[in-house]
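This report describes a predicted model and should be read beside its sequence and coordinates. It moves from one chain to the contact between chains, then to a sheet, and closes with the confidence scores.

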Amino acid sequence: MADLGSTANLADKGAAAAPAQGGGGGGDKAEEKTRNFNYPLVKICDMMEELRAEAVDMVVTAVEKHPGNYEAAAKTIKELMDKRCGSSWHAIVGEGYGFEITHELRNLLYMYFGGNLGILVWKQS
Amino acid sequence: MKSVRRPKVVPEPTLGNRTLSTHSLRSNPGDENGGPGGGGGDDWLPPKVLLKPPGQLTLTEQELEEEFTRILNANNPHAPQNIARYSHKEQVFKASPNMDHLIVHYEFDGYLIYKNTEDTTPAPISTNAEGEPTEGGEAPTEPAAASEAGAGGEGTPPKPESAPSGEGAADVVVEEGRKPKGPLRNQFNFSERASQTVNNPYRERWTNTEPPPQRILSDTVNQWAIFDAYMEDQQQKEKAVKEKAKAPPANTKLQRDDAHSTLPIDRDAHSDDVYYKNPELRKALTIMERMANQNTYDEVAQDYKYWEDAADELGDRKSGTLLPLWRFTHDKDKRKMVTSLGWNPHFPDLFAVGYGSYDFSKQGAGMIACFTLKNSSFPEVLYSTEAGVMCLEFHPQHPSMIAVGLYNGTVLVFDIRKKIDTPVFRSSSKAGKHTDPVWQVAWQKDDLDDNPNFFSISSDGRVTQWTLTKTELMYTDVLKLRYDMDPNLASQHGPESKKLFGLAGGCCFDFNKKTEPLFVVGTEEGRIHKCSKEYNSLYLLSFEGHQMSVYTVRYNSFLPNVFLSASADWTVKLWDHDNPKAIMTFDLGSSVGDVAWAPYSSTVFAAVTADGKVFVFDLNENKYDPVCEQPVVRKARLTHVSFNPFEPILLVGDDRGNVISMKLSPNLRKKGGKGGDEDEEPHFSLITGRLKQTRIFDVGSKKGEDDAGDGDVSDTAITLRSSNNALARFDASSPAAQYLAERRTFRGLERKEGETEVQKAEEGRSGVARGYSGEDGKDLQTA
């Protein structure tokens, strides 16, 4: 299980590091494309279709509401999901992290957003 | 006890003193001033200095002189006045007005006891406890006894000898001044009892629920992984766009491929759904389906059973209405016409519908669906036939057998008991198959070998009898409708006519209800012929009147000579089969698809027309106009009509595959058949509770004409007399009358003057009843 606080911190650090990397290494084409990457890309999800759509919406709103503040975004996502479908949700928002989590089936969303964010939302009590 | 200690001294008094302090301060100086003057001897004392509190008001003389009257009363000014307590009785908070105004300023408990008070009595107990059994041995018991006696109030005074001794003992104790050891005991006789209830044993139970299924997921998020994922997604999208752009030309091919590929899948899926083939499950499913339908159409079912058009009761209204109930359709037969309707003679809720087409250019496969009123959504039994169904009929004695005639001339017999999709009998082209559509089939009585048999008529001009043997369907041509058989025609055209015309196309026929071999045949060119099974070379009589093809002929089930015919020439005609001219003609303004006599009355019949109307005639009420003319469907032609043989339900079918069931209002189901004079006789309406002019409770058709003349009816008949001396009679045939006759009797007061002997009045029993004994008890025992 990944710890929410620590990963958020990690994410912050990553956020600080990321612009430097992008500015240095990315080519012009890649940059153009990253601009177009401003949509949610669901990587792994085993939720029900309705919940999935809702969860993706929540993530998008939360991240857009707190630009650059991943901790706040993660907190918002967690609170929204807790309110929507019961307690013990966890959320990670960050640009670089590794995780190994145990999640309840049908309660996992792993998606990318905005071209540089990995967002992991899952339920485990 | 009286001497209750109040350890807490109420703080209020001090407060009260403090408020009065100004007063005392003011008055005290006066005393002080007067004191030295009067005493004089206190001069040596140091002069008194008045100590004033720093914040004291300085008042002028005048203000000081001012008097404030205060009234002292026994009320405690600091007692709270607004205490509200919760009343459990009324379950609301209530202000409690009565406060305790008692303030105890000082209290002191002494140790001395008055001699004559009750408190002295327990003293000996303590002495006894110390161990002086000889002196006060009886003392403790005696006062107790005395107090008991006092409480009991029996009036027996305590013994004088022992009482003094008790008092004496008390005296001694007080005088000696011995302190009673220990606390004072309760003077009342008391006992302590303790018991313990059984504690419920504790039990622990626990169970573990299965934890929700879990899975472990691990991954690493980094920028390049995200970038790659987005790139891949982008590429896929581009691909999809390209494919779409390519798609339209290749569309047809794809679709074909799809069609080919989906078909086998569908079949597989179909074979997977074997659950409905399981007979036990199927039964349960049927019940569930019926229940679901019953819930959905609960109102309709209620109407089916209980709806009576209240308007029919009003005034002299003779007309009635039809209430549409369920509508029966089946998806597969939506394109087809209802070509035949048949009620099952045994089950009042079961009927069969034949689907086909009357349109020559739109022929196709046909279908037979057996619906029940209990399930309007799906037929109970469904057969498909290779050609359109034109007619069908249930066997009157074997209600599972259906004879069916098809457009291609085939006749079939289905047995709905057998769970097979194929007919049990089928006419083959080898063995007498009709060459033209079979327009009507009719079951006849089983023949001498007890083989069921039926007749069919086709536009190829043949009337054929089919006999169901064990193995095959035997046929006999009963009649060929030749034109020259008609005596009139033959005379008109001479012998050439035989060559000129072939066979006339038969459209319909109906057998006489009483004289079995007699039947009438309606033909395509409008003539109706009376024929007999016995003579197949000659018409007994020909009826001319219809200008277009005759769709239906129907014999009346009560009057054996009368039949109706419905024709495409917009008319329904009433005939006597001995009279070549029609008795009556009813013009309905549109092509008449079908006509049917009501099973309950000899004068009621219904007809349906191509403009979607249902006509119900009651010749007893109105010979010229229908008692009901009601449009039932829009933009559809009604093709057939059928009365339920048991219930007041009418079934009509239209050319769009719909079958509508309708309930006949009370005016449409009057049982006729009585003499005209009884029309005036009022009857008692159970609905309005008044006498009514029209008849519903009539004698059944068997009794009717015989008994009506005599006027003497069986013993169970009830006669009601209205104010104008008109009579309403309930006969035994009416269930309401039976009920009234059995349950409601009133014979008036009996007059028995002089019949009973005069006796002296006896005094009956008196007292309080305590139980049962005597005659009743004996009776019960013997019984």
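Helices (H or I, at least four residues) and strands (E, at least two) are taken as DSSP runs and numbered from the N terminus. On this basis chain A holds four helices and five strands, and their order along the sequence is α-α-β-α-α-β-β-β-β. Residues are numbered from 1 along each chain as its sequence is written, while chains are lettered from A and ligands numbered from 1 in the order in which they are written. Because the model is predicted, local features need pLDDT of at least 70 and side-chain atom pairs count only at pLDDT 80 or more, whereas totals for chains, interfaces and linings use all residues.

**Chain A**

A residue counts as buried if 20 or more other C-beta atoms lie within 10 Å of its own, as exposed if 12 or fewer do, and as partly exposed in between, with C-beta atoms placed from the backbone. Of the 125 residues in chain A, 38% are buried. Two residues are in contact if their C-beta atoms, placed in that way, lie within 7 Å. Among the contacts in chain A with a separation of 6 or more, 64% are between residues 24 or more positions apart.

Two residues of chain A that are not glycines have a positive phi, A:S88 and A:R106. The table gives their angles, loops and surroundings.

| Residue | Phi | Loop in chain A | Other C-beta atoms within 10 Å |
|---|---|---|---|
| A:S88 | about 60 degrees | between α4 (70–85) and β2 (89–94) | 13, partly exposed |
| A:R106 | about 65 degrees | between β3 (97–104) and β4 (108–113) | 15, partly exposed |

**The contact between chains A and B**

At the interface, 24 residues of chain A are in contact with 17 residues of chain B. On the chain B side, the elements that give two or more residues are β3 (214–221) and α7 (223–272). The most comes from β3(B), with eight residues. By class, the chain B side comprises eight nonpolar, six polar and three charged residues. Here Ala, Val, Leu, Ile, Met, Phe, Trp, Tyr, Cys and Pro count as nonpolar, Asp, Glu, Lys and Arg as charged, and the others, Gly among them, as polar.

Strands are said to pair if DSSP finds at least two bridges between them. Across the two chains, β3(A) and β3(B) pair in the antiparallel sense over eight bridges. In this pairing, A:F99 stands opposite B:D219 in β3(B).

**A sheet in chain B**

Chain B contains an open sheet of four strands in the order β21-β22-β23-β24, with antiparallel pairing. The edges are formed by β21 (550–555) and β24 (584–587), each with a single partner strand, so one side of each has no neighbour in the sheet. Strand β21(B) is joined by five bridges to the antiparallel β22 (residues 562–567), and B:R554 stands opposite B:L564 in β22(B).

**Confidence**

The pLDDT is the predictor's confidence in each residue, from 0 to 100. Chain B averages 73, and 66% of the residues score at least 70. Over residues 1–39 of chain B the pLDDT is below 50, and this stretch has 16 contacts in the model beyond near neighbours in sequence. Over residues 250–272 of chain B the pLDDT stays under 50, and the model has zero contacts for them beyond four places in sequence. Where pLDDT is low, predicted coordinates should not be read in detail. The model scores ipTM 0.76 and pTM 0.47.
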